Amino acid sequence: MRLLLDTHILLWWLADDPSLPARARDSISDPGTEVLVSAATVWEIAIKRASGKLDAPDDLLEALEANAFDTLAITAAHALAAGELPAHHADPFDRMLIAQAQAETLTLVSVDARLGDYEVERLPAP
């Protein structure tokens, strides 16, 4: 299985937060699972952390490496696909994750029910 983590899922994982549903925790911790974190997620965390809206690790890149999570770059094709998505969801970071999950055949891990409006394989974390 290849997973793409939504921002809240990543932060819950890194904080060992009990908000992370058991199904998501089990899938992420499975040694046979490839876990990816989008550059869009890292960017979102950096922006919100700098503005004081989010408590996140100072050493995010090291935390990703320590957890053996791969990073997923944003390509021009991803950007075009995100821009062409139906307007079910206005958050540009989430739209990028949807486009990347579709383009790279990834399962998106998120508790955001609005993402279910898109044609994307999703691990319904709840």
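Biologist: Let's start with one residue: does E44 count as buried or exposed?

Modeller: One thing up front, this is a predicted model. Buried means under 20% relative accessible area. E44 comes out at 6% relative accessibility, so E44 counts as buried.

Biologist: E44 has a charged side chain partner, I think. Which residue does E44 meet in a salt bridge?

Modeller: That would be K48: the two side chains meet with N to O at 2.8 Å. Both residues sit in helix α3, 4 residues apart, so about one helical turn separates them. K48 isn't tucked away like its partner: K48 is partly exposed, with a relative accessible area of 31%.

Biologist: How many salt bridges does a search of the whole structure find?

Modeller: The search turns up 5. One of them joins D58 to R49, with the closest N and O atoms 1.6 Å apart. D58 counts as exposed at 67% relative accessibility, while R49 is partly exposed at 34%. Another salt bridge pairs R25 with D16, and there the closest N and O atoms are 3.1 Å apart. R25 is partly exposed at 22% relative accessibility, and D16 is exposed at 55%.

Biologist: Now the rings. What should I look at, and what is the count of aromatic pairs here?

Modeller: A pair of aromatic rings is described by how far apart the centres are and by the angle of the planes. With centres required to lie within 6.5 Å, the count comes to 2 aromatic pairs. Take W13 and F69: their centres are 6.1 Å apart and their planes make 50 degrees, a tilted pair. W13 belongs to helix α1 (residues 7-15) and F69 to the loop between α4 (60-66) and β3 (70-72), so this pair ties together parts 56 residues apart in sequence. Both W13 and F69 are buried.

Biologist: And why is the pair of W43 and F93 edge-to-face?

Modeller: Planes over 60 degrees apart count as edge-to-face. The planes of W43 and F93 are at 85 degrees, with the ring centres 5.4 Å apart, so the pair is edge-to-face. This pair also links distant parts of the chain, 50 residues apart: W43 is in helix α3 (residues 39-50) and F93 in helix α6 (residues 92-104). The two rings sit in contrasting surroundings: W43 is exposed, with a relative accessible area of 51%, whereas F93 counts as buried at 16%.

Biologist: That brings up the helices themselves. At what angle do α3 and α6 pack?

Modeller: Two packed helices are described by the angle between their axes and the distance between those axes. For α3 and α6 the angle is about 165 degrees, and the axes are 9 Å apart. That makes the two helices roughly antiparallel. The crossing of α3 past α6 is left-handed. On the α3 side, the contact is made by A40, T41, W43, E44 and I47; on the α6 side, by F93, M96 and L97. So our two old acquaintances W43 and F93, the edge-to-face pair, turn up again in this contact.

Biologist: One last spot. Where is P18 found?

Modeller: In the loop between α1 and α2 (22-29). P18 counts as exposed, at 75% relative accessibility. For a sense of distance, take T71: P18 and T71 are 53 residues apart in sequence and 24 Å apart in space, C-alpha to C-alpha.

Methods
Residues numbered from 1 in each chain as written. Predicted model: local features only at pLDDT ≥ 70, side-chain atom pairs only at ≥ 80, totals over all residues. Heavy atoms only, no water. Phe/Tyr/Trp six-rings, centres within 6.5 Å; stacked < 30°, edge-to-face > 60°. Buried < 20%, exposed > 50% of the residue type's maximum accessible area, 1.4 Å probe, protein only. Salt bridge = Lys/Arg side-chain N within 4 Å of Asp/Glu carboxyl O. Axes fitted to C-alpha atoms, helices over the stretch in contact; angles between N-to-C directions. Parallel < 35°, antiparallel > 145°, perpendicular 65-115°, else oblique. Left-handed = near helix turned anticlockwise from the far one by under 90°. Contact = heavy atoms within 4.5 Å.
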